[in-house]
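Biologist: I'm new to this structure and would like a close look at a single part of it. Could you pick one spot, start there and walk me outward?

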Amino acid sequence: MITGKVSVVGTGPGSPPYLTARAEQALKESDLVIGYRLYVNQVAALIEGKEAVSSAMGKEVERCRLAVAEAVQGKKVALVSGGDPGIYGMAGLLLQVAGESVPVPEVEVIPGVTAAGAAAALLGAPLMHDFAVISLSDLLTPWEVIEKRLHAAASADFVIVLYNPRSRGRTNLLAGARAIILEYQKEETAVGMVRGVGRDEEKKWATTLEDMADCMEEADMSTLVIIGNSHTYWEKGRMITPRGYEL
Ligand SMILES: C[S@@+](CC[C@H](N)C(=O)[O-])C[C@H]1O[C@@H](n2cnc3c(N)ncnc32)[C@H](O)[C@@H]1O
């Protein structure tokens, strides 16, 4: 039996301009908004007067269980998830939790602008050719697995997008990734780093594999790093990976 509905809503990387019209509509139609505090705060203006439950990082399973329980009771629930909910977000966990529920609520996954797309746009056009996306967070994935994927992506000359360059309590993840990539790519390989894209604190760095050692310390939990392939270059402050067109 299908009962209520829970929408997992991608809120984009930061401020309301990055929120899609569909995401805005789902938030406005909801009876209850649930999410990590930062993301609930980001959509505060759109959900004024609505019931909202925000919680701390690490409470992901609890948030999904609450969303499913409330949906089963007949509420329209919006579970907010930063960026795109299907990219290191809440969509997978919600579907797992909903799948175990009796009865099963209806679930809709509403995509959002992922940090990689927003950061790439700010840097220029670094993702014009094949790219690999790797999260450096070793909270849920063993570091050995992450290392294996870094070796594979760097040896295949992919542009590499690094999410979660800094884990809680682990500040050396990015340095470890850089060392592996330097086994395959030249020191002058173009690198772009973006912190807080779409937010007031937005900041970007145009650098190289060699020089990124100078700015790596600035990477935090809201930073994304894009490491170019062997053809990527900086042109007047813009990071470009050529697709192969003749000029
Ligand atoms: C758990 S992942 C969530 C990703 C999110 N679902 C998405 O699609 O962008 C968190 C990581 O995304 C990246 N991120 C999220 N928002 C960002 C922003 N506004 N600017 C730069 N990076 C961001 C950071 O690497 C951060 O550590």
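Modeller: Sure, let's start at Ala52, which counts as partly exposed because it has 18 C-beta neighbours inside 10 Å, and a residue needs 20 or more to be called buried. Keep in mind that this is a predicted model. Ala52 sits in strand β3. From there, look across to Tyr39: the two are 13 residues apart in sequence, and their C-alpha atoms are 11 Å apart in space.

Now for the surroundings of that strand. β3 covers residues 51-55 and is joined to β2 by 5 bridges, with the two strands running parallel. If you want a pair to find on screen, Leu32 stands opposite Glu51 in β3. Helix α2, residues 37-42, belongs to this picture too: β2, α2 and β3 together make a right-handed β-α-β unit.

How much of β2 is buried? In this strand, residues 32-36, 5 of the 5 residues are buried, so β2 is largely enclosed by the rest of the structure. β2 also pairs with β4, again in the parallel sense, over 3 bridges. Leu32 turns up here once more, since it stands opposite Val77 in β4. So if you click on Leu32, you can look for Glu51 in β3 and for Val77 in β4.

Let's follow the chain onward from β4. Between β4 (76-81) and α4 there is a loop, and Tyr88 lies in it. Its backbone is worth a glance: phi of Tyr88 is near 50 degrees, a positive value in a residue that isn't glycine. Most residues other than glycine have a negative phi, and most peptide bonds are trans. Is Tyr88 buried or exposed? Neither label quite fits, because with 19 C-beta neighbours inside 10 Å Tyr88 counts as partly exposed.

Next comes α4 itself, and this helix has two faces to look at. Ala91, Leu94, Val97 and Ala98 are buried in α4. These residues cover an arc of only 130 degrees around the axis, which puts them on the same side of α4. Turn to the face pointing away from that buried side and you'll find the exposed residues Gln96, Gly99 and Glu100.

After α4 (91-100), the loop leading to β5 (104-110) holds Pro103. The peptide bond from Val102 to Pro103 is cis, with omega near 0 degrees.

There's also a ligand to look for. Of the 22 residues around the ligand, Pro13, Gly83, Gly89, Thr114 and Ala115 come nearest. Two elements, α5 (115-123) and β11 (223-227), give two or more residues to this shell. By type, the shell divides into 10 nonpolar, 10 polar and 2 charged residues. Domain 1 (2-110) and domain 2 (115-240) each supply at least three residues to the shell.

One last stop, further along the chain: Asn164, in the loop between β8 (159-163) and α7 (173-181). Asn164 has a positive phi of about 50 degrees although it is not a glycine. Here the surroundings are counted as buried, because Asn164 has 23 other C-beta atoms within 10 Å. For contrast, go back to where we began: Ala52, with its 18 C-beta neighbours inside 10 Å, is partly exposed.

Key. Residues are numbered from 1 along each chain as its sequence is written. This is a predicted model: local features need pLDDT of at least 70, side-chain atom pairs count only at pLDDT 80 or more; totals for chains, interfaces and linings use all residues. Helices (H or I, at least four residues) and strands (E, at least two) are DSSP runs, numbered from the N terminus. A residue is buried if 20 or more other C-beta atoms lie within 10 Å of its own, exposed if 12 or fewer, and partly exposed in between; C-beta atoms are placed from the backbone. The arc is that of the directions from the helix axis to the C-beta atoms. A residue is near a molecule or strand if its C-beta atom, placed from the backbone, lies within 6 Å of it. Ala, Val, Leu, Ile, Met, Phe, Trp, Tyr, Cys and Pro count as nonpolar, Asp, Glu, Lys and Arg as charged, and the others, Gly among them, as polar. Domain bounds come from an automatic or database domain assignment. Two strands pair if DSSP finds at least two bridges between them. A crossover is right-handed if, with the strands pointing away from the viewer, the path from the first strand over the helix to the second runs clockwise.
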